[in-house]
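Me: Before I use any of the labels attached to this structure, I would like to understand what each of them rests on. Could you take me through the reasoning, one label at a time?

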Amino acid sequence: MFRALTANLVLHERIETTDAKAKELRRVAERLVSQAVRLGDVAFTPGEKLSPADKARRLAASRQVGKFLQRFGVAQVGDESKKVDLVEKVFVDLAKRFQGRPGGYTRIVKIGPRRGDNAPMCIIEFVQQAEAAAPAAG
């Protein structure tokens, strides 16, 4: 269950789920992102520019992430479906975005009880970098 939730969080970068699942998902998702961030520039540097030792480090880390996270996800873009490599998204997009951040890659926002069974619901999402969210002051 948490593998599918983690895959959806990486794919969509924001999902709605129950409070208990979100709190546990935060722990799982942040560990995956931390493995990619720990590599530093090696995580998002193209393969042909890496030394053999760095290629081995990146391969080992991507296999560790790939053991838990499914390789591909399908995102709906308008009427079309797009196949996304989730492991590469963790290493290229998320590792680059959270480079230099010591942790706290996710945010949980409570949205109230679910209609029907009154379960507490919340939105879990990846936090945005301040430089990307705020316009440049000129």
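**What the labels rest on**

Reply: Read along the sequence, the protein chain of this predicted model follows the pattern α-β-α-α-β-β-α-β-β-α, which amounts to 5 helices and 5 strands. Along its principal axes the C-alpha trace spans about 55 × 45 × 35 Å, and of the 138 residues 39% count as buried.

Me: Why is D19 called buried or exposed?

Reply: The label buried applies under 20% relative accessible area, and D19, with a relative accessible area of 11%, falls under that limit and is therefore buried. D19 lies in helix α2, and, leaving aside its neighbours within four places in sequence, D19 is in contact with I108, K110, P120, M121 and C122.

Me: What makes Q35 partly exposed?

Reply: Partly exposed is the class between the 20% limit for buried and the 50% limit for exposed, and because Q35 has 25% relative accessibility, Q35 belongs in that class. Q35 also lies in helix α2, and its contacts, apart from neighbours within four places in sequence, are with A61, Q64 and V65. Of these partners, A61 is 26 residues from Q35 in sequence, while the two C-alpha atoms are 6.7 Å apart in space.

Me: How do you know that β5 is largely enclosed by the rest of the structure?

Reply: The conclusion comes from a count against the same burial limit of under 20%: 6 of the 7 residues of β5 are buried, so β5 is largely enclosed by the rest of the structure.

Me: What makes β1 and β5 a pair of strands?

Reply: Pairing requires at least two bridges between the strands, and because 5 bridges join β1 (residues 14–18) to β5, the requirement is met, with the two strands running antiparallel. Within this pair, T17 stands opposite C122 in β5.

Me: And why are β4 and β5 called paired?

Reply: Set against the requirement of at least two bridges, β4 (residues 106–113) and β5 have 7 bridges, in the antiparallel sense, and so they count as paired. P113 has P120 of β5 as its bridge partner. The hairpin of β4 and β5 has 6 residues between the strands, and G116 there takes a positive phi near 115°. A positive phi, of about 65°, is also taken by E13, just after α1.

Me: Why is a set of residues called a nonpolar core, and which residues have the most contacts inside the largest one?

Reply: The name is given because the set consists of buried residues of nonpolar kinds, such as Leu and Phe, joined through side-chain atoms within 4.5 Å. The largest such core has 35 residues, and those with the most contacts inside it are L69, F91, F98 and F126. At least two residues of this core come from each of α1 (2–12), α2 (19–38), α3 (52–68), α4 (86–97) and β5 (120–126), and the largest share, 7 residues, comes from α2. As a general point, nonpolar side chains in soluble globular proteins tend to be buried together.

Me: Which residues of α1 are buried?

Reply: The buried residues of α1 are L5, T6, A7, L9, V10 and L11. T6 is not one of the kinds that a nonpolar core admits, so burial by itself does not place T6 in such a core.

Definitions and conventions:
Residues are numbered from 1 along each chain as its sequence is written. This is a predicted model: local features need pLDDT of at least 70, side-chain atom pairs count only at pLDDT 80 or more; totals for chains, interfaces and linings use all residues. Side-chain values use heavy atoms; hydrogens and water are left out. Buried means under 20% relative accessible area, exposed over 50%, partly exposed in between (1.4 Å probe, protein chains only). Helices (H or I, at least four residues) and strands (E, at least two) are DSSP runs, numbered from the N terminus. Contact means heavy atoms within 4.5 Å.
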